[in-house]
Amino acid sequence: MEILKNFLWALTFFTPCAISVLEQIIQLKGGLPTFHLDYRDPLPIYEQLKQECKRLILSGVIAPGEKLPSVRELAGTLSINPNTIQRAYRELEADGYLISVPGKGSFAAESSPLQAQKKQELLSQIRSLACEAMALGATREELLAQIPTKEEEA
C-alpha cells in the first residue's frame, strides 16, 4: 500500500503523458476510464465530460469500437445527473467521436480520422496565434523557440 501511495504522489510531478500511461494500465486491468472533472470550474460539467472523452479517445485510452460506460453507470460513478452525461454523449456522437447503438450502448469511433481533424484544427489555431503574435512584434525565431523538442516532452 505504501508503494502505491508513493507512486501516486510521484505522479503529481509527471507530465500528462505519464498519467495517460497510468490510465492505459488501469484500462488494461479492466477498470473504467478515468474522467477528471472539476466541479469548481466555470465550464459546464457536460463540456468537461466531452473534453475528457475526446482526450481519452484521441490518446487511445479508449480504443476504437470500445464500449463506453452506460449513462447510468457513469452517473453513479461521477455522482452527476444522467441527463448531463446523455447530453455529452449526444454531442460527442454529433461530433463523430461516438457511435450509439440502440439497446447496446455508446462506442468509441475510429480515432484516426478524428486525430487528423483535431490536428488540422490545432495547426489552424497555431497559425492564427502566430500571426497575432507576429503582429505584436514577435519574431519567427521567438515563436519557434516555444515549440518543445522531443527531449523536453519526455
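User: Leaving aside neighbours within four places in sequence, which residues is Glu52 in contact with?

Analyst: Apart from those neighbours, Glu52 is in contact with Thr34, Phe35 and His36. Bear in mind that this is a predicted model. Glu52 itself lies in helix α3.

User: Is Glu52 buried or exposed?

Analyst: Glu52 has a relative accessible area of 11%. Buried means under 20%, so Glu52 counts as buried. Across the protein chain, buried residues make up 25% of the 154 residues.

User: How is the protein chain laid out, and how many helices and strands are there?

Analyst: The protein chain has eight helices and two strands. Along the sequence they follow the pattern α-α-α-α-α-β-β-α-α-α. Contacts show how distant parts of the sequence are joined: among those between residues at least 6 apart, 52% join residues at least 24 apart.

User: How should I read a single helix such as α4, and which of its residues are buried?

Analyst: Start with the general idea. An α-helix has 3.6 residues a turn, so residues three or four places apart point the same way. Now the case here: in α4, residues 71-78, the buried residues are Val71, Leu74, Ala75 and Leu78. Viewed down the helix axis, these buried residues fall within an arc of 105°, so they line one face of α4.

User: Which residues of α4 are exposed on the other side, and what covers the buried ones?

Analyst: Arg72 and Gly76 are exposed on the other side of α4. The cover over its buried residues includes α3 (45-58) and α5 (82-95). Just after the helix, Ser79 takes a positive phi of about 55°.

User: How do I read the nonpolar core, and which residues touch the most other members?

Analyst: In soluble globular proteins, nonpolar side chains tend to be buried together. In this structure the largest nonpolar core has 24 residues, and those touching the most other members are Phe35, Leu49, Leu68, Leu74, Leu78, Ile85 and Tyr89. The elements giving two or more residues to this core are α3, α4 and α5. Helix α3 supplies the largest share, seven residues. Take Leu78 as an example: beyond neighbours within four places, Leu78 is in contact with Phe35, Leu37, Tyr39 and Leu49.

User: Where is Leu92 found, and what is Leu92 in contact with?

Analyst: Leu92 is found in helix α5, and its relative accessible area of 0% makes it buried. Outside its neighbours within four places, Leu92 is in contact with Lys50, Cys53, Lys54, Tyr97 and Leu98. Leu92 and Cys53 are 39 residues apart along the chain, yet their C-alpha atoms are separated by 8.2 Å.

User: How many disulfides does the structure hold?

Analyst: The structure holds zero disulfides. As for individual cysteines, Cys53 is buried at 0% relative accessibility, while Cys131 is partly exposed at 47%.

User: What does the outer surface consist of?

Analyst: The protein chain exposes about 10,800 Å², and carbon and sulfur atoms supply 60% of that area.

User: Where is confidence lowest and where is it highest?

Analyst: Where pLDDT is low, the predicted coordinates should not be read in detail. The mean pLDDT of the protein chain is 78, and 75% of its residues reach 70 or more. Confidence is lowest in helix α2 (residues 16-28), at a mean of 43, and highest in α5, at 93. Over residues 13-30 the pLDDT is below 50, and this stretch has 22 contacts in the model beyond near neighbours in sequence.

Notes
Residues are numbered from 1 along each chain as its sequence is written. This is a predicted model: local features need pLDDT of at least 70, side-chain atom pairs count only at pLDDT 80 or more; totals for chains, interfaces and linings use all residues. Side-chain values use heavy atoms; hydrogens and water are left out. Buried means under 20% relative accessible area, exposed over 50%, partly exposed in between (1.4 Å probe, protein chains only). Helices (H or I, at least four residues) and strands (E, at least two) are DSSP runs, numbered from the N terminus. The arc is that of the directions from the helix axis to the C-beta atoms. Contact means heavy atoms within 4.5 Å. A disulfide is a pair of cysteine sulfur atoms within 2.5 Å. A nonpolar core is a set of buried Ala, Val, Leu, Ile, Met, Phe, Trp, Tyr and Cys residues joined through side-chain atoms within 4.5 Å. Accessible areas come from the Shrake-Rupley method with a 1.4 Å probe; for residues, only the protein chains shown count as cover. pLDDT is the predictor's confidence in each residue, from 0 to 100.
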